[in-house]
Amino acid sequence: MLFDHDDDKPREECGVVGVFGHPQAALLVALGLHALQHRGQEACGITSFDGEKFHGERHMGLVGENFGGDVSDRLPGNSGIGHNRYSTQGKPAIRNIQPVYADLDSGGFAIAHNGNLTNARAIRKRLVRRGSIFQSTMDTEVILHLLARSDQDSVADRFIDAIRKIEGGFSLVGMTNKKLIGARDPSGLRPLVLGHIGDGYVLASETCALDLMGAEFVREIDPGEVIIITADGIRSYNAFPSQPVRPCLFEYVYFARPDSIVQGRSVYEVRRKMGHQLAEEHPADIDVVVPVPDSGVPAAIGFSEHSGVPFQLGIIRSHYVGRTFIQPTQTGRQRAVSRKHSPNKAVLEGKRVLLVDDSIVRGNTSRKIVQMVREAGAKEIHFRSASPPITHQDFYGIDMADRTELLAANHSLEEMREYLKVESLGFLSVPGLYRAIGVDYDPETPAFADHCFTGDYPTRLIDHEHNESSKERQLSLLD
């Protein structure tokens, strides 16, 4: 099953869920994964433990297609973990679906991972030389091998010993026969929250998952923190030396669902304020503000509020197209875009239109949308991006174009305007993005991981520096 990489958006980065101490753990995990479907649509999996045995299912496709109302019968137990996958390391394949499971000398261990490890290839190479046999091409599997080889005594110490050897962005949920484990990378790049339901506990990538499960938000897992949940309660460990915390800005720009709360902030409100800032920095003489749906909607509302220009739905997105597959021809790809977006001529014809999108990556889709709006009769088209120009690629779990393909990395503002064929073009500034979040911007000590806009990466990029990050380690006999 192949997916459309022609669609010009940063790709989701996976979602994780864990439940402990609830008689319908697998059902709750499925609900949580459904709420997090926006973070990955390629595949999904759930592993549960019923007090005696582990049970697991992994499927290609969406959560609703694979985990229905009988999921608690198929995956019984009071604890479970789950994963929505978008592949950033390891191609789409059954063997690369998470959670991944292994029988260790201490017992069974299942783990699911949101993010990307920046030294996984280097670790894997060393482990293979020492005799480790990998069953997948995922970076996540190296954590299981490090766990298996740890000489620490307790599960907690072995887990911490393992994750101290990895670098990059990660939020992890792990499960043994007695424990639910959560962990977050020391920079806090990837999110993880703790909730409470009945007598049990929940871990999830975003608060929107807690809402659908009926769980109450307790707190975010701190950067670098490991929590271990047992029948006796919760224990917290500081797994790493103290270092600057820099959560990923793209959670606010694109990834998190608008109804989620990130670091105490409403994602919807932050995106609306991004629109305010955008209108302040790049006003235009226009008749109507039109969002590129769906992710451009909150910022377009904010632009309209600040500018006083009416907000209108000039582009209608079909929610029934489903996932778009790689098309073999340019004509096929063009049709795929056309099926997803349709112009609302009653709004666009004869108007000076300002389009607002969350970001511009390669510019392919933006250019097609501009052409579509022009053909619908717009008199002028002005384009605004609610994020700063994307000039550097990500290595922490966001799948976006290589830097050589990033529009803003290789063109001036005027060249981009000409490429998109618009009357004017404007991007939110980096300080403006920080202001929308409510944080002062200090380029010397940035409060967030803003590397996609500045090139200032918060961790080492070991695999990339050794030209290893893009190499697929394909198993020769498995498919």
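How far is the sulfur of Cys-248 from the closest cysteine sulfur, and in which residue does that sulfur sit? Select Cys-248 and Cys-452 to find out: the separation is 6.4 Å, too far for a bond. Keep in mind as you go that this is a predicted model.

**Stop 1: the cysteines and the whole chain**

While Cys-248 is still highlighted, look at its surroundings: this residue is buried, with a relative accessible area of 3%. Cys-208 is worth a click too, since Cys-208 is also buried, at 1% relative accessible area. With a disulfide taken as two cysteine sulfur atoms within 2.5 Å, the count comes to zero.

Now zoom out to the full protein. You should see 18 helices and 21 strands. Of the 479 residues, 58% count as buried. Among contacts with a separation of 6 or more, 69% join residues 24 or more positions apart.

**Stop 2: the loop before strand 5**

Go to Gln-98 and Pro-99, which are joined by a cis peptide bond with omega about 5°. Pro-99 sits in the loop that runs between strand 4 (79-85) and strand 5.

**Stop 3: helix 5 and its neighbours**

Select residues 141-149 for helix 5, then add residues 120-129 for helix 4. Seven of the nine residues of helix 5 are buried, so helix 5 is largely enclosed by the rest of the structure. The buried ones are Glu-141, Val-142, Ile-143, Leu-144, His-145, Leu-146 and Leu-147. To see what surrounds them, show strand 5 (100-104), strand 6 (107-117), helix 4, helix 6 (155-163) and strand 7 (168-175), against which these buried residues pack.

Next, turn the view to compare the axes of helix 4 and helix 5. They are 10 Å apart and the helices pack at an angle of about 45°, which makes helix 4 oblique to helix 5. The crossing of this pair is left-handed. On the helix 4 side, display Ala-120, Ile-123, Arg-124 and Leu-127; they meet Val-142, His-145, Leu-146 and Arg-149 of helix 5. Colour this contact by class and you get five nonpolar, one polar and two charged residues.

**Stop 4: a positive phi ahead of helix 9**

Move along to Gln-263. Its phi is positive, about 55°, although Gln-263 is not a glycine. Look for it in the loop between strand 14 (261-262) and strand 15 (265-266). Is Gln-263 buried or partly exposed? Gln-263 is partly exposed, with a relative accessible area of 29%.

**Stop 5: helix 9 against helix 10**

Select helix 9, residues 267-281, and helix 10, residues 297-307. Their axes come within 6 Å and cross at roughly 50°, so helix 9 and helix 10 are oblique to each other. The crossing is right-handed. Helix 9 contributes Tyr-268, Arg-271, Arg-272, Gly-275, His-276, Leu-278, Ala-279 and Glu-280 to the contact, while helix 10 contributes Pro-298, Ala-299, Ile-301, Gly-302, Phe-303, Glu-305, His-306 and Ser-307. Sorted by class, that contact has seven nonpolar, five polar and four charged residues.

Stay with helix 10 for a moment. Pro-298, Ala-299, Ala-300, Gly-302, Phe-303 and Ser-304 are its buried residues, and they pack against helix 9, strand 16 (288-291), strand 19 (352-357) and strand 20 (380-385). Both sides of helix 10 along the chain deserve a look. In the loop between strand 16 and helix 10 you will find Asp-294, and the peptide bond from Pro-293 to Asp-294 is cis, with omega near -5°. After helix 10 comes Gly-308, with a positive phi near 80°.

**Stop 6: helix 9 against helix 16**

Keep helix 9 selected and add helix 16, residues 430-437. Here the axes come within 8 Å and cross at roughly 140°; helix 9 and helix 16 are therefore oblique to each other. Helix 9 passes helix 16 in a right-handed crossing. Show Val-270, Lys-273, Met-274, Gln-277 and Glu-281 on helix 9, and Gly-432, Leu-433, Arg-435, Ala-436 and Ile-437 on helix 16, for the residues that make this contact. By class they are five nonpolar, two polar and three charged.

**Last stop: Lys-421**

Finish in the loop between helix 15 (413-420) and strand 21 (424-427), where Lys-421 is placed. Lys-421 has a positive phi of about 60° without being a glycine. This residue is exposed, with a relative accessible area of 52%.

Methods: Residues numbered from 1 in each chain as written. Predicted model: local features only at pLDDT ≥ 70, side-chain atom pairs only at ≥ 80, totals over all residues. Heavy atoms only, no water. Axes fitted to C-alpha atoms, helices over the stretch in contact; angles between N-to-C directions. Helix = DSSP H or I, 4+ residues; strand = E, 2+ residues; numbered from the N terminus. Parallel < 35°, antiparallel > 145°, perpendicular 65-115°, else oblique. Left-handed = near helix turned anticlockwise from the far one by under 90°. Contact = heavy atoms within 4.5 Å. Nonpolar A, V, L, I, M, F, W, Y, C, P; charged D, E, K, R; others polar. Buried < 20%, exposed > 50% of the residue type's maximum accessible area, 1.4 Å probe, protein only.
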